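Please look over the sequence and the model below, with attention to the charged side chains. The paragraphs that follow take up their pairings one after another.

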Amino acid sequence: MPSLFSSARDLAKGVRLAADTAVWAGNAVSRHIKGGRTGVCLVCNNLQPYGHEDTFGRPSAAWNQLGDPQQTSRRKELSSTPTLVLEEISPKKILESRETDPKTGLPKNDCKYCRLLCDIFDAYFIDEWMNWITETKNGMPIQVGLMIREGAPLIVNCWNFTYDKWFQNPRVDLEVYMDPMPPSPIPGAPTLGPVGPRQTDVRSDECMRFIKESIAECCREHPRCAIQPDSFVPTRLIYVGGGKNELRLCDDIPSGHNITWSALSHCWGGGKPLSLTKSTLNGLKENINFLELPATFQDAVTVTQELGLAYVWIDSLCIVQDDKTDWEKEAARMGAVYSRAFIVISGASSPNPSTPYLRPREEEWLPKRFNFPISPGVTIPIMVRQRHLLAAPLDQGLLEPPFTSSWATLKKVGPLYARGWCFQESFLASRILNFAPGAVIYECKTHRKSEDQLPPYPSTIPGTLGEVTPLEQWHMIVKSYTSRQLTFTSDKLPAIAGAATTMPQARTSRYLAGLWSESLLLDLMWQVMPGRAHIPLMTKEHEENAPTWSWASMNWGVVWSPLQSPQLLATVVHAETNVVGVNPYGQVSGGKITLRGRIKYCQLSADYHRNEHWVFYSKGNGSYSKKQHFRTDGALVAETIPGQTGTIACRSRLTASGNALETAAAFFCIAKCHWMKSDHVGLILGMSHRFPGCMERVGAATNVPRDWYETGEDVTVTLV
């Protein structure tokens with residue numbers, strides 16, 4: 001009987017999906033037919049959320065419901081407020097609103113709303129380096145998205161309108177609104193909502209009032225943000241309680257005296273700010289001259305004193321910079337320093353210590369005005385400003401917890417957010433003040449708010465969009481962290497060590513160069529983010545600081561593909577890393593993993609000009625298997641291994657781009673998943689030229705047919 005009921009439920013669900021898809025398709029056809037008669041643009045929907053087949057709450061297509069059922073459910077819950085998200089709009093279609101059809105002499109798309117978007121793009125994306133019109137006409141992959149919600153400002157997502165060498169698809173979000181907002185909607189105007197005022201100077205009384213009120217509210221109303229008292233006190237703190245003329249370094253602070261401090265997160269920017277060294281230690285304990293401090297440090301002292309705190313922690317002044325032992329010891333304590341700080345001060349808008357963040361706001365962050373025609377001879381003022389934080393998906397509502405896809409990929413805007421060390425400094429903070437280029441942003445474990453934002457504020461409480469396993473949490477942490485830059489390759493693991501110590505796995509598992517022993521096989525399945533397959537991503541410096549099986553060996557971002565109910569097909573025989581120094585979560589000088597499982601020796605081909613990488617094997621009858629695409633760990637080369645004939649794949653350590661190659665390789669199967677016939681996943685391996693008899697990782701493959709496993713050989717391999 002249970003199977004009968006289950007079949008009936010599946011049948012009913014299928015009928016509902018088919019019906020919803022039919023209604024969705026009917027709505028889409030109806031919109032296209034009526035669009036010309038009603039004057040509603042098929043490209044931008046007149047910048048309003050009504051009457052579109054994808055408006056929240058309307059029946060959606062089966063492929064959308066099956067692809068992300070939670071998203072479909074949330075959209076229904078949020079449908080009481082008219083909402084529409086339009087994705088992947090071609091700027092070419094928008095630009096047609098300015099172009100004339102040579103046959104008719106009429107506009108190709110006579111849409112004043114698309115022309116408004118063109119005017120906005122002109123103001124933001126035409127300069128000496130880039131022109132969005134030229135990029136569009138040249139067929140470059142720039143795209144536009146619209147996030148339209150009644151009562152909220154219109155959000156325009158702009159992909160690839162700017163260049164960022166660290167992000168394959170950089171995005172800028174623009175906020176469209178009216179100021180002041182009219183008491184009732186204006187016929188013919190886009191659907192817009194109010195925003196809060198953005199101050200022109202961060203030093204204003206309004207900004208400081210926002211900061212103090214936000215912190216007071218958090219202390220008063222947010223129990224989850226409270227820092228539980230314990231005996232931890234940083235080894236050194238800078239005393240600021242006596243005024244700017246009585247600053248000094250303290251290293252004899254007794255524990256257990258309820259000491260509170262702020263901690264600064266800042267960009268070193270390649271410079272050498274005033275630092276603590278063996279020779280300056282005694283002098284800094286006597287007095288620190290406020291005027292000798294770089295601007296970012298002075299601002300940190302000012303903010304700390306304004307908040308009534310007596311101590312501030314600044315890395316370059318609280319860690320002995322020319323004492324390797326002290327640096328390792330204090331780097332291991334950084335997690336506690338930032339997580340137990342009363343407030344973390346993030347100098348996000350400062351690219352280096354000499355640039356203050358308490359300063360007038362740059363012009364690019366101030367609003368621009370556009371006149372929009374609502375009828376012949378009548379215009380209304382439309383305001384636009386760049387967002388300081390990329391907008392989260394509208395189907396999340398006001399829920400923006402950590403460990404979601406948007407949390408791992410969307411980033412605040414500012415120089416600091418591109419720096420690797422600063423990831424854990426903000427991740428660990430119970431409360432953080434972000435002095436971003438566009439606004440002061442206050443974020444705690446309960447919510448996030450900015451000086452130019454109106455309530456209600458988005459919730460940052462973990463788990464509000466569903467529970468996330470510790471394995472998934474760590475993968476998202478690494479994904480977000482590795483998209484940032486580091487000056488020194490040796491910092492790859494130390495700069496995330498503080499975050500690692502706070503993970504649940506730290507109590508139950510061994511830490512192995514950024515991976516965990518309890519989930520080691522699945523952790524090994526990381527993949528390099530697209531965009532750098534033709535470039536060597538493991539330099540000699542990386543080789544000295546991490547084994548090839550660790551994501552820390554890559555000078556690029558990494559991700560994990562979601563695996564559906566993976567069934568492990570390999571076992572770990574032994575795993576070890578060579579830790580450098582006193583911090584078990586810090587720097588390593590290599591490591592080995594011995595795995596027992598099944599391997600399939602194969603051929604590897606790569607064409608870097610076409611960005612194609614394949615593996616295939618020779619069958620017994622002389623034919624070849626179907627080529628399988630895999631994600632390479634950067635450029636590869638064909639190496640000759642002493643004692644073996646032919647060549648085998650290895651990672652390139654050169655600085656030049658890779659070329660096409662054909663060479664031997666191997667597929668080591670890690671697990672199988674439930675996905676029809678192409679359900680196996682594993683690593684693509686080559687031989688190590690540094691460690692005879694060992695293998696090194698050169699890539700990862702998913703959706704591999706089962707015959708690769710069934711015809712493989714049972715082996716024990718050691719990866720280095």
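How many salt bridges does the count come to? In this predicted model, the count comes to 26 salt bridges, and three of the pairs are followed here through the chain.

One of them joins Asp 119 and Arg 98, whose closest N and O atoms are 2.9 Å apart. This pair links distant parts of the chain, since Asp 119 belongs to helix H5 (residues 112-124), while Arg 98 sits in the loop between helix H4 (91-95) and H5, 21 residues apart. Asp 119 has a relative accessibility of 34% and therefore counts as partly exposed, and Arg 98, at 34%, likewise counts as partly exposed.

A second pair is formed by the side chains of Arg 385 and Asp 452, which meet in a salt bridge at 3.6 Å, N to O. Here Arg 385 lies in strand S11 (residues 378-386) and Asp 452 in the loop between strand S14 (448-450) and helix H14 (470-482), so that distant parts of the chain, 67 residues apart, are linked. Arg 385 counts as buried because its relative accessibility is 2%, under the 20% cut-off, and Asp 452 counts as buried at 4%.

A third pair is that of Asp 714 and Arg 598, with closest N and O atoms 3.1 Å apart. Because Asp 714 lies in strand S30 (residues 713-719) and Arg 598 in strand S21 (residues 588-607), the pair ties together parts that are 116 residues apart in sequence. Asp 714 is exposed, with a relative accessible area of 60%.

Finally, salt bridges that share partners join Glu 175, Arg 198, Arg 385, Arg 387 and Asp 452 into one network.

Methods
Residues are numbered from 1 along each chain as its sequence is written. This is a predicted model: local features need pLDDT of at least 70, side-chain atom pairs count only at pLDDT 80 or more; totals for chains, interfaces and linings use all residues. Side-chain values use heavy atoms; hydrogens and water are left out. A salt bridge is a side-chain nitrogen of Lys or Arg within 4 Å of a carboxyl oxygen of Asp or Glu. Helices (H or I, at least four residues) and strands (E, at least two) are DSSP runs, numbered from the N terminus. Buried means under 20% relative accessible area, exposed over 50%, partly exposed in between (1.4 Å probe, protein chains only).
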